[in-house]
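Okay, everyone, thanks for squeezing me in. I'll put the model up and then walk you through what I found in it.

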Amino acid sequence: MNLEKILAISGKPGLYSLKVQTRTGFVAESFIDGKRITVGLRSNVSLLSEVSMYTYSDEKPLVEVMRNIAKKENNGPTPAFKDDKTQLSAYFLEVLPDYDQERVYTSDIKKVLNWYNILQAKGLVSSEEPVIAEEKSEKLVVPTEAKPAKAPKTVAPKNAGMAAAKKAPAQKATKSTKK
């Protein structure tokens, strides 16, 4: 699951995909209706890759939380919770058992579940861990032959030929007084 170019814009419903950066902001495309909007630099925008949830031990990135939801729901949508705080808390405890119940509000849980459902509808969620391609590091074998040492270069000072030349002082600007 890659949340690198997915945005949440304050005051706008749903999630957006970053398309193009402009001089005055950027262009984003809605996941809900596919419309493109321009967003100014003064707007409050959050990258989902930078969002994390409070836990008692540390902060968990949203990617891990979404991955846990996908595992629980078998990559399907989450159940629709209305305004029942106890059901939302119980569900989120199953997904993220050590989340900080004092700092994570019910509105935050609703928002995360809504974002998950939007991304799931677009096929962007996965319960699998990302596979990092291992780089094959081949060491180059350098023969250990003795190379002759290079002599240091001598550089002449920049102002060597201009020692006698002096600059004339700049003329002062006069102020014109018109009455």
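So, aromatic pairs: how many does a search of the whole structure find? Just one aromatic pair turns up. The partners are Phe 92 and Tyr 99, and they meet edge-to-face, with 5.1 Å centre to centre and 85° between the planes. Remember, this is a predicted model, so these are computed numbers.

Are those two rings buried or exposed? Phe 92 is buried, with a relative accessible area of 0%. Tyr 99 counts as buried too, at 1% relative accessibility.

There's another ring to look at, this time with a charge. The charged end of Arg 103 sits over the ring of Tyr 54, and the distance to the ring centre is 4.0 Å.

Now let me zoom out. The protein chain has seven strands and three helices. Going from the N terminus, the order is β-β-β-β-β-β-β-α-α-α. On contacts, take those between residues at least 6 apart in sequence: 54% of them join residues at least 24 apart. The chain has 179 residues, and 27% of them count as buried. As for surface, the chain exposes about 14400 Å², with carbon and sulfur atoms supplying 51% of that.

Next up, helix H1. This one covers residues 62-73, so twelve residues, and from first C-alpha to last it reaches 16 Å, close to the 16 Å expected at 1.5 Å a residue. Which of its residues are buried? They are Leu 62, Val 63, Val 65, Met 66, Arg 67, Ile 69 and Ala 70, and yes, there's an arginine in that list. If you're looking at the spacing, keep in mind that an α-helix has 3.6 residues a turn, so residues three or four places apart point the same way.

And what covers those buried residues? The cover includes strand E6 (52-54) and strand E7 (59-61), along with helix H2 (85-95) and helix H3 (106-121). Just after H1, you'll see Asn 74 with a positive phi of about 55°.

Last thing, confidence. The mean pLDDT of the chain is 80, and 72% of its residues reach 70 or more. Where's the part to watch? Residues 132-147 have pLDDT below 50, and beyond near neighbours in sequence that stretch has zero contacts in the model. Where pLDDT is low, the predicted coordinates should not be read in detail.

Okay, that's me done. Over to you.

Definitions and conventions:
Residues numbered from 1 in each chain as written. Predicted model: local features only at pLDDT ≥ 70, side-chain atom pairs only at ≥ 80, totals over all residues. Heavy atoms only, no water. Helix = DSSP H or I, 4+ residues; strand = E, 2+ residues; numbered from the N terminus. Buried < 20%, exposed > 50% of the residue type's maximum accessible area, 1.4 Å probe, protein only. Contact = heavy atoms within 4.5 Å. Areas by Shrake-Rupley, 256 points an atom, 1.4 Å probe, with all protein chains shown as cover. pLDDT = per-residue confidence, 0-100. Phe/Tyr/Trp six-rings, centres within 6.5 Å; stacked < 30°, edge-to-face > 60°. Lys NZ or Arg CZ within 6 Å of the ring centre and 35° of its normal. Expected span 1.5 Å × (residues − 1).
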